[in-house]
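Subject: Structure handover and notes

Dear colleague,

I am handing over the structure we spoke about, with the sequence and the coordinates placed just below. Please read the notes after it with the model open beside you.

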Amino acid sequence: MAEWFEEQVLDTLKDYVEPWINPFKDKPEFWHIAFLLLALVVAYAIHKREVIIDYLKGEKRSEHDKQLFRKLNAIMSEQEVRDFISTLSDTAIYDSFALRKIDRLEQHRGVPESKFFNPKVDKQFIYFLTEMTELLHFIAVQFVPFSDTIYRMAPELQSRLELGDEDDMAKWKVLYDELGKVTANAQTAFDKYRETVKKELLV
């Protein structure tokens, strides 16, 4: 059936095309032009194929990145990240429940499945994790348990501040300034990551 159909198509093309080319088929210039046109058609078809393939690959990669972002956002939402950083900066206190979520985000560093195809998004995500690591290092050293889940920065020093000792107040200022620095860096890194996701992935 396929062979019969192919023969019919070829016969039809021959019937329609042959009368047009008969007057010119013995002229070399005709075949030069014909081959040139054929080459142009083939080149255009190859180009369009590559464009379509690149587009489909781009769509697939974009969908992967969107799904990865949603997966990370499900671990710790944008609002939870902002609340954690702002509470830490304002009160020098944090809840270990939030810290466990950050640890889960950290586990995605360097994992191939957790790498964004979009280089701009991936760069900002790594930047965010790097600044969060600096923040975690600081609180691991300077914060101690205050209750079952609550940690405070230098609570003994904090409790003596009411006495007005200048040395204690100076020590607290140094710690609080450092806390302000690492939390500000983490917030800036998260803002850039989130802005890049919105711009590049439209989510």
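Since touching residues come up several times below, and again for valine 203 at the end, please take a contact to mean heavy atoms within 4.5 Å.

Please also keep in mind throughout that this is a predicted model. The mean pLDDT of the protein is 82, and 71% of its residues reach 70 or more. Over residues 51-56 the pLDDT stays under 50, and for this stretch the model has 0 contacts beyond four places in sequence. Where pLDDT is low, the predicted coordinates should not be read in detail.

As for the overall layout, the protein has 7 helices and 3 strands, and from the N terminus on these elements follow the order α-α-α-β-α-α-β-β-α-α. Of the 203 residues in the protein, 28% are buried. Among contacts between residues at least 6 apart in sequence, 70% join residues at least 24 apart.

Helix α7 is a good place to begin. It covers residues 166-201, which makes 36 residues, and it reaches 51 Å from its first C-alpha to its last, close to the 52 Å expected at 1.5 Å a residue. At the start of α7, the backbone nitrogen of aspartate 167 has a side-chain oxygen of aspartate 165 within 3.1 Å, and just after the helix, leucine 202 takes a positive phi of about 60°.

Next come the salt bridges, of which a search of the whole structure finds 9. In one of them, the side chains of aspartate 191 and arginine 82 meet at 2.6 Å, N to O. Aspartate 191 lies in helix α7 and arginine 82 in helix α3 (residues 78-91), so this pair ties together parts that are 109 residues apart in sequence. Both partners are partly exposed, aspartate 191 with a relative accessible area of 24% and arginine 82 at 25% relative accessibility.

A second salt bridge is formed by the side chains of lysine 120 and glutamate 200, at 3.7 Å from N to O. This pair, too, links distant parts of the chain, with lysine 120 in helix α5 and glutamate 200 in helix α7, 80 residues apart. Glutamate 200 counts as partly exposed, at 26% relative accessibility.

Within helix α7 itself, lysine 173 forms a salt bridge with aspartate 177, the closest N and O atoms being 2.8 Å apart. These two residues are 4 residues apart, about one turn of the helix, and aspartate 177 is partly exposed, with a relative accessible area of 42%. Salt bridges that share partners also join Glu78, Arg82, Asp191 and Arg194 into one network.

Two buried aspartates deserve a look of their own. Which side chain of opposite charge is nearest to aspartate 65, a residue that is buried yet has no salt bridge? It is arginine 61, at 8.3 Å; a salt bridge would need a side-chain nitrogen of Lys or Arg within 4 Å of a carboxyl oxygen of Asp or Glu, so this pair does not count as one. Aspartate 65, which sits in helix α2 (residues 28-75), does have polar partners: its side chain makes a polar contact of 3.1 Å with the side chain of histidine 64, and a polar atom of that aspartate side chain lies 2.8 Å from the backbone nitrogen of phenylalanine 117. Leaving aside residues up to four places away in sequence, aspartate 65 touches Lys115, Phe116, Phe117, Asn118 and Leu201.

The other, aspartate 122, lies in helix α5 (residues 119-142). Aspartate 122 counts as buried because its relative accessibility is 11%, which is under the 20% limit. Not counting residues up to four places away in sequence, aspartate 122 touches Lys115 and Phe116.

Finally, valine 203 is found in the segment after α7 and is partly exposed, with a relative accessible area of 25%. Valine 203 and arginine 70 are 133 residues apart in sequence, yet their C-alpha atoms are 8.9 Å apart in space. With residues up to four places away in sequence set aside, valine 203 touches Lys66, Phe69, Arg70, Arg194, Val197 and Lys198.

With best wishes

Definitions and conventions: Residues numbered from 1 in each chain as written. Heavy atoms only, no water. pLDDT = per-residue confidence, 0-100. Expected span 1.5 Å × (residues − 1). Polar contact = N/O pair within 3.5 Å; in protein donor to acceptor, adjacent residues only side chain to side chain. Buried < 20%, exposed > 50% of the residue type's maximum accessible area, 1.4 Å probe, protein only. Lys, Arg positive; Asp, Glu negative; His and termini not counted.
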